[in-house]
Protein chains: 4
Amino acid sequence: MPTTSTPAPAAALLARYRAIRKATMRLCAPLSPEDMMVQSSPEASPVKWHLAHTSWFFETFVLREFVPAYQPFHPDFHWLFNSYYNSLGEMPEKKLRASFSRPPLDSILAYRAHVDAAMASLLAHTPEDEAARRIALGLEHEQQHQELIATDIKHALFTNPLHPAYRERAILPDSETIAPPQEWLAFAPGLTQVGITPDPDSIDTFAFDNETPRHTTYIAPFQLATRPVTCAEYLAFMDENGYTRPELWLAEGWTTMRAESWQAPLYWHRDPATKSGWSIYTMAGFQPLDQLSETPVCHLSFFEADAYARWAGCRLPTEFEWEYAATEALSKINCHPERSGEAAESKDLRLSAATNLSGNFVESTQLHPIPAQSKPGLQQLFGDVWEWTQSGYTGYPGYHPLPGALGEYNGKFMSSQIVLRGGSCVTPATHIRPTYRNFFGPSTRWQFSGLRLAKDAAM
Amino acid sequence: MPTTSTPAPAAALLARYRAIRKATMRLCAPLSPEDMMVQSSPEASPVKWHLAHTSWFFETFVLREFVPAYQPFHPDFHWLFNSYYNSLGEMPEKKLRASFSRPPLDSILAYRAHVDAAMASLLAHTPEDEAARRIALGLEHEQQHQELIATDIKHALFTNPLHPAYRERAILPDSETIAPPQEWLAFAPGLTQVGITPDPDSIDTFAFDNETPRHTTYIAPFQLATRPVTCAEYLAFMDENGYTRPELWLAEGWTTMRAESWQAPLYWHRDPATKSGWSIYTMAGFQPLDQLSETPVCHLSFFEADAYARWAGCRLPTEFEWEYAATEALSKINCHPERSGEAAESKDLRLSAATNLSGNFVESTQLHPIPAQSKPGLQQLFGDVWEWTQSGYTGYPGYHPLPGALGEYNGKFMSSQIVLRGGSCVTPATHIRPTYRNFFGPSTRWQFSGLRLAKDAAM
Amino acid sequence: MPTTSTPAPAAALLARYRAIRKATMRLCAPLSPEDMMVQSSPEASPVKWHLAHTSWFFETFVLREFVPAYQPFHPDFHWLFNSYYNSLGEMPEKKLRASFSRPPLDSILAYRAHVDAAMASLLAHTPEDEAARRIALGLEHEQQHQELIATDIKHALFTNPLHPAYRERAILPDSETIAPPQEWLAFAPGLTQVGITPDPDSIDTFAFDNETPRHTTYIAPFQLATRPVTCAEYLAFMDENGYTRPELWLAEGWTTMRAESWQAPLYWHRDPATKSGWSIYTMAGFQPLDQLSETPVCHLSFFEADAYARWAGCRLPTEFEWEYAATEALSKINCHPERSGEAAESKDLRLSAATNLSGNFVESTQLHPIPAQSKPGLQQLFGDVWEWTQSGYTGYPGYHPLPGALGEYNGKFMSSQIVLRGGSCVTPATHIRPTYRNFFGPSTRWQFSGLRLAKDAAM
Amino acid sequence: MPTTSTPAPAAALLARYRAIRKATMRLCAPLSPEDMMVQSSPEASPVKWHLAHTSWFFETFVLREFVPAYQPFHPDFHWLFNSYYNSLGEMPEKKLRASFSRPPLDSILAYRAHVDAAMASLLAHTPEDEAARRIALGLEHEQQHQELIATDIKHALFTNPLHPAYRERAILPDSETIAPPQEWLAFAPGLTQVGITPDPDSIDTFAFDNETPRHTTYIAPFQLATRPVTCAEYLAFMDENGYTRPELWLAEGWTTMRAESWQAPLYWHRDPATKSGWSIYTMAGFQPLDQLSETPVCHLSFFEADAYARWAGCRLPTEFEWEYAATEALSKINCHPERSGEAAESKDLRLSAATNLSGNFVESTQLHPIPAQSKPGLQQLFGDVWEWTQSGYTGYPGYHPLPGALGEYNGKFMSSQIVLRGGSCVTPATHIRPTYRNFFGPSTRWQFSGLRLAKDAAM
């Protein structure tokens with residue numbers, strides 16, 4: 001979407017806005033107002049809150065600033081639905097979100113409609129550049145919350161002692177499906193460029209500030225596994241006493257794992273009725289591990305991913321090894337990308353280099369990882385499961401947060417978090433890219449987080 | 001409701017059942033399904049859970065045991081809505097109740113209807129004595145949960161940063177209303193009987209097991225204040241630095257108060273816009289303390305009540321002093337009781353001695369304490385506010401819990417709790433009696449709990 | 001020790017002072033300065049702190065107030081060794097006592113000597129009544145801390161992973177010793193007097209304020225076991241799954257027991273090398289339960305004592321039942337008391353009615369309970385183990401704390417504590433009396449606390 | 001100390017062993033056995049434990065493995081003084097170290113002597129290579145514990161409410177001393193080598209496994225401050241509300257700082273008697289900040305260092321920027337190193353390139369940072385204060401932990417920790433080197449930790 005000589009940039013942006021906003025509501029379709037009240041862990045939020053907060057984002061950073069006549073929907077929402085922006089003033093404690101029975105869902109939906117109408121008015125004309133940049137950011141923000149809606153409601157329903165399903169229909173692999181054997185791809189050492197510096201003349205090569213600036217780094221020779229670790233492989237680690245051997249664990253991981261009584265990934269429950277002895281809670285309820293054994297293992301903490309890698313005689317990749325491999329993999333793909341859905345509609349040029357991001361994303365409606373296919377090269381880099389790296393989350397050389405309150409979006413979380421790469425089966429396809437950095441604390445398990453092995457290579 | 005020669009005891013019991021079950025639903029009328037999801041403290045439960053659990057009580061202790069053909073509404077509800085009866089098997093942790101978005105409210109209402117229909121069938125004929133006793137217990141249990149619905153939803157709505165009101169209409173005292181001066185009534189020492197031993201031949205002189213048996217105790221001479229302490233009086237304690245003078249507090253109270261940063265009763269907020277500097281959250285939202293200053297202070301912990309009494313040079317009464325005074329007060333009343341509402345309809349003989357229990361109960365729909373009237377004798381013994389005593393909650397001499405799982409109803413809580421007496425403005429009128437013992441931990445504040453002063457008297 | 005016509009009340013008081021102060025040091029003889037640094041639980045204090053604080057008590061409440069020329073030993077000790085008297089100003093947090101390497105033990109001993117010298121000067125002449133009362137209180141206070149020194153160092157040495165012994169020499173029962181069978185004594189109902197009102201004209205009928213005033217109470221008929229429960233009996237409770245049957249426990253006890261992973265009394269360790277499978281840590285290190293099975297079980301929480309009683313179909317006595325029985329038992333004893341040790345020396349008249357308090361106290365140097373003897377009547381009421389009652393710790397009718405800072409000694413702890421009666425094997429013999437009320441929270445186990453069964457009796 | 005053709009490598013190693021062991025005891029000279037008992041925070045250990053554990057290290061990893069006839073000093077010490085090596089079996093919880101009154105200090109000193117004698121026997125002859133490597137590791141380990149002895153006893157004495165001093169004599173800067181202005185040195189971008197790969201043919205180029213292997217990295221252009229931030233500069237940050245402005249802090253830092261009520265660095269106390277309003281607790285007790293304002297600020301958490309840097313418009317350096325600058329700085333120094341003390345004696349060749357490590361180390365006996373000198377180039381890179389970097393602590397490319405139990409020395413802590421560089425005023429001079437990586441959690445403050453500013457530079 002170049003800024004010059006394009007027929008209708010505002011119209012395209014509005015189309016994209018509508019598509020993404022609609023996708024949010026689609027995710028909520030199976031949920032009742034009561035479901036949208038549940039906050040089952042300190043990390044999660046009620047779905048209703050996500051619906052409000054994403055609207056708040058556009059109201060706060062776009063409408064209030066760029067539409068002089070804008071009438072806020074409700075005078076209290078400005079502080080009520082602030083998540084963590086201290087620069088904007090006080091906000092409710094996160095844990096209080098579970099008490100937000102008022103405003104009722106109907107009001108939140110009216111809030112969304114109010115904001116949508118105002119956004120449509122704004123986008124009747126080409127907005128100024130900063131407004132357009134903010135809208136782009138707001139859409140990426142909404143996509144992040146789409147992913148959180150999926151992971152939070154999964155946890156909420158699982159926490160219910162009845163373990164109800166998000167949807168009844170399970171999409172399970174064919175019983176004969178076998179993931180291809182894990183193989184190794186070797187990468188030569190060298191200087192490379194990582195991260196991204198958005199083109200100042202183009203508002204649509206979007207990147208979060210934490211991906212910037214593009215900069216030089218040196219990569220030592222390494223090897224990367226062709227696909228993520230599967231449930232069957234992870235079960236072997238468990239069967240070899242992976243959870244009771246301290247030498248496999250980081251000290252903090254060992255302490256955490258024992259304090260939390262972890263004996264398997266989150267959502268695995270012992271089930272004597274199955275061959276493997278385990279069932280796994282999915283968005284379609286509990287399924288026997290037997291049917292999912294070839295799928296990438298997920299809902300692992302960093303500590304479990306790290307312990308598995310040590311047990312396997314390997315290690316986790318650094319985030320730059322991952323990005324280097326992903327970039328190279330994409331560059332080999334031919335020039336006829338077939339990208340599906342909303343992104344294609346919006347002719348998002350920034351992804352033109354990323355031609356094969358047609359992985360198992362939220363649009364596939366699987367909502368669970370699927371087995372890798374038998375194809376040459378790196379499989380499942382994008383989608384299926386977020387891949388834990390060994391890299392702590394810090395700012396790149398030359399990193400500067402966005403100015404103002406938006407500077408709190410990413411930068412202030414740069415401690416005690418680990419970078420994950422590649423997106424998952426509940427990530428929107430147009431949201432991910434090779435430079436994308438997700439980050440969570442090392443004991444986090446409620447995301448669809450798995451791992452891909454790496455190891456050093458001789459030069 | 002004598003067991004002999006009464007035309008229709010089953011019909012009367014069914015009428016009482018229906019009246020009480022209906023009263024529960026009346027309390028929920030202003031609430032949305034979302035409101036009924038909130039669990040804002042470890043002490044409280046979501047309203048929806050109360051609706052289910054009270055039905056579970058009849059299903060578990062009456063229908064499953066006395067109706068051979070009874071079909072339970074749902075196979076999982078037996079463990080799902082068990083509160084704390086270990087004898088019946090495992091149950092969900094209390095804090096998980098906030099995750100019960102499923103079953104939806106509609107299912108819970110269907111559950112109630114299913115139980116009500118089965119109860120009506122059972123009560124088409126005179127039930128056997130044990131069944132009738134259990135039904136009577138179940139109705140008292142339902143009334144206890146009515147009170148909890150009121151206190152829990154008050155806390156839930158208050159916890160919401162918007163502080164919405166349970167109902168819009170405030171019922172406030174006339175601005176000229178003045179509570180009568182506090183005076184003292186002296187009581188002579190002597191042996192007295194406290195507690196109650198139900199007549200084994202009458203199923204309707206109901207009492208909880210913790211009120212039994214009736215037994216002898218010796219009362220030293222004492223004086224009791226004619227009415228509870230008011231907000232204005234409590235404000236004087238605060239103004240004289242009541243919350244910063246350790247000599248006024250029990251050691252545990254001092255530690256608790258500082259750890260919790262208490263500076264006033266629960267629900268009091270500083271409000272510079274008012275004359276007194278405080279507003280109080282009520283079921284009708286925040287109201288200026290100025291308008292409530294003559295009402296009994298409530299939402300006090302035992303520690304605050306105790307500190308106030310020490311500041312006033314007095315003490316809290318023992319539970320037997322209170323009961324002794326209450327019994328004497330009632331015996332002075334004439335023989336034409338005028339008791340209102342549902343209790344009168346059910347011709348509940350057990351209360352025939354308790355002729356003047358027409359205080360400010362939930363049926364008044366005030367839902368907040370009101371100022372005492374200028375009348376001779378002890379005022380507001382019943383209703384308005386629960387009165388903290390100085391008595392620890394233990395079993396009476398000869399106490400035996402009910403047999404079986406119902407033995408867990410009261411007895412197992414006989415440690416680290418303090419007895420309160422008299423009921424509150426959200427207690428059903430027919431639920432209270434002079435021997436009634438309520439009990440909470442000494443730091444509890446979410447109940448409508450206040451105090452009445454006592455002091456020693458020379459013989 | 002009447003205040004008139006006694007040859008040398010001051011000399012007698014000084015002799016008693018010296019005897020008690022010396023007894024404190026005798027307890028410390030086996031300990032190194034390093035041992036005296038350990039604070040192994042929030043309830044306990046380092047022994048060195050006890051040595052200082054008991055001197056502080058005399059300095060603060062006697063010497064600073066009644067000896068105008070008194071020079072405090074050190075200007076900081078006034079706040080440093082204050083335990084919990086808020087009226088005297090700020091004090092260090094209790095947990096900081098573990099950091100008191102300075103002042104060194106030598107300084108603390110010099111502090112004791114300094115105070116002792118000043119006290120000897122003061123007691124060269126008959127002190128004024130209030131001073132004498134405070135000295136008497138200070139001596140009882142010192143005796144309380146003697147008991148704490150024993151219990152705290154036992155816990156401290158046990159906490160050391162090497163489990164060193166306080167002393168090498170074990171005093172174990174003869175292997176043929178058998179405790180007599182538990183029998184029941186029945187007590188008739190009636191009015192009785194409990195507590196004590198000290199004679200204002202006699203400074204030596206000492207009682208703590210929490211034992212006052214003497215007052216009337218009514219006792220229902222009851223039975224009391226002739227001796228405390230033994231280890232062998234408690235083992236039977238354990239063998240019948242006492243620790244895994246919720247119906248035996250108070251709700252708070254069940255929660256506490258599971259949270260703390262209790263499976264036996266404190267100091268019991270599984271020991272496959274013994275016949276019973278258990279060894280018990282004593283002041284002489286671990287001993288096989290086999291050799292201690294006939295001794296009273298101790299180091300029980302109230303919750304365990306209560307659960308045992310319920311398992312046995314009995315209950316715990318109230319504190320007044322206990323006192324009533326103890327008073328009656330003592331009144332039956334003949335008129336030639338033979339009381340040993342320091343108390344006899346001081347001709348302590350207040351105990352003349354208490355003729356048989358020659359139980360297993362700290363002076364026996366057993367430092368562990370011993371089996372009951374086969375004698376008629378109630379055995380081991382005094383000494384051996386503190387006996388949990390079912391009574392919450394509150395003020396008696398007409399109770400008033402001492403004036404001033406000393407009012408904080410007892411009264412402010414009157415919440416959430418349970419009364420224990422009778423003293424233990426580490427209580428000084430002259431410290432205990434029938435009206436004595438000890439009190440601890442219901443989960444406390446580091447004291448020598450056991451139980452004696454009670455049950456209701458038909459009239 | 002090459003392995004061939006050296007006259008007396010064993011003798012030199014023994015001399016080094018004796019010098020370092022003696023230095024440990026020198027640090028303890030001012031301490032009593034009681035002082036050595038205190039464990040004032042979960043991070044710290046009692047000094048006595050350090051004395052035992054360092055001996056345990058030689059016993060466990062050298063004597064038990066390389067001296068067949070070695071008789072362990074005590075059979076229990078093998079598990080008792082194990083710190084965290086799970087491979088060697090169970091060990092006491094860290095917090096229990098405060099209960100180790102037994103073995104007494106005398107036994108620990110005898111343990112040290114026993115180990116020293118056995119080590120002397122072993123070093124009567126040239127040990128095999130692996131033994132020599134382990135001895136070298138044990139000596140570095142002992143030096144790390146020397147630093148911990150200093151920091152732990154500082155915290156222990158400070159925790160004592162009397163705040164006694166480790167030593168009476170204060171070494172304070174001359175009142176006219178002024179630190180030179182902070183200037184910037186610019187570094188060109190480029191590939192560089194960081195870390196170290198020890199020469200396999202030389203046992204004495206010691207490095208911890210976490211410094212290995214030497215590897216290539218790319219450094220972007222940057223600038224580094226010529227000296228660490230001073231107290232005066234940090235006070236300006238405080239005066240500009242540094243502790244109340246959320247925009248200056250990482251989110252985790254903001255939360256931590258408020259939860260801990262930090263308002264200044266650790267050891268700073270408000271002191272109205274001083275000009276600046278602050279005094280600082282040092283090893284010689286409290287000193288007015290006025291006299292220390294030109295010294296490097298220390299006892300900062302990473303969060304405070306990071307917030308200061310943001311306030312100053314700068315950032316913290318990466319660990320490789322720091323190492324790159326330090327290596328370059330050292331390479332400019334001439335070829336006649338003058339290194340003092342024990343290291344010089346041992347002719348430690350590995351440091352021959354590090355010619356100017358004569359900073360303010362523990363050997364200066366200052367035990368506190370001193371003002372920077374006015375000299376060209378980077379000042380105080382080594383000694384004075386550990387410098388927080390922005391780098392998370394992870395393994396280098398190709399990193400492999402040592403084999404066996406010693407693999408637990410460093411590697412298992414590679415999560416949630418931040419790298420610090422350069423050593424402090426309590427680090428032994430021979431212990432530090434440009435590649436040395438220290439690491440602590442981001443909220444750690446009890447180490448002598450400060451900061452040096454960095455910033456990006458245009459290419």
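What rotation, and what shift along its axis, superposes chain A on chain B? In this model, which is predicted, a rotation of 180° with 0.1 Å of shift along its axis does it, and the RMSD is 0.0 Å. If you look for the rotation axis from the side of chain A, the residue to find is Glu34(A), which, of the residues of that chain, comes closest to the axis, with its C-alpha at 2.7 Å. The two copies use the same surface, since 100% of the contact residues of chain A recur in chain B.

Let me turn to another pair, chains B and C. Here a turn of 180°, with a shift of 0.0 Å along the axis, lays chain C on chain B with an RMSD of 0.0 Å, and the two copies are therefore related as by a two-fold rotation axis. Because 100% of the interface residues of chain C are also interface residues in chain B, these copies, too, meet through the same surface.

Now let us go inside chain A. An unreviewed UniProt entry lists residues 17-140 of this chain as "domain: DinB-like". Over those residues the chain is 53% helix and 0% strand, and the C-alpha atoms at the two ends are 10 Å apart.

How do two helices of this chain lie against one another? As a reminder, two packed helices are described by the angle between their axes and the distance between the axes. For helix α2 (residues 47-66) of chain A and helix α5 (residues 129-159) of chain A, the axes come within 9 Å and cross at roughly 175°. Since an angle over 145 degrees counts as roughly antiparallel, that makes α2(A) roughly antiparallel to α5(A). The residues of the contact between α2(A) and α5(A) divide into 15 nonpolar, six polar and five charged.

My last stop is chain D, where three strands form an open sheet in the order β1-β4-β12, with antiparallel pairing. Strands β1 (184-187) and β12 (454-456) of chain D stand at the edges, each with a single partner strand, so one side of each is left without a neighbour in the sheet. From one strand to the next, the twist averages 25°.

If we follow β1(D) to its partner, we find four bridges joining it to strand β4 (residues 222-225) of chain D, and the two run antiparallel. Within this pair, Trp184(D) stands opposite Ala225(D), which belongs to β4(D). Finally, helix α10 (residues 319-331) of chain D packs on the sheet, where it touches β1, β4 and β12 of chain D, and its direction makes about 70° with that of β4(D).

Definitions and conventions: Residues numbered from 1 in each chain as written. Chains lettered and ligands numbered in written order. Predicted model: local features only at pLDDT ≥ 70, side-chain atom pairs only at ≥ 80, totals over all residues. Heavy atoms only, no water. UniProt positions renumbered as here; feature names shortened; annotations may be inferred. Axes fitted to C-alpha atoms, helices over the stretch in contact; angles between N-to-C directions. Parallel < 35°, antiparallel > 145°, perpendicular 65-115°, else oblique. Nonpolar A, V, L, I, M, F, W, Y, C, P; charged D, E, K, R; others polar. Pairing = 2+ DSSP bridges. Contact = heavy atoms within 4.5 Å. Least-squares fit on C-alpha atoms with pLDDT ≥ 70 in both.
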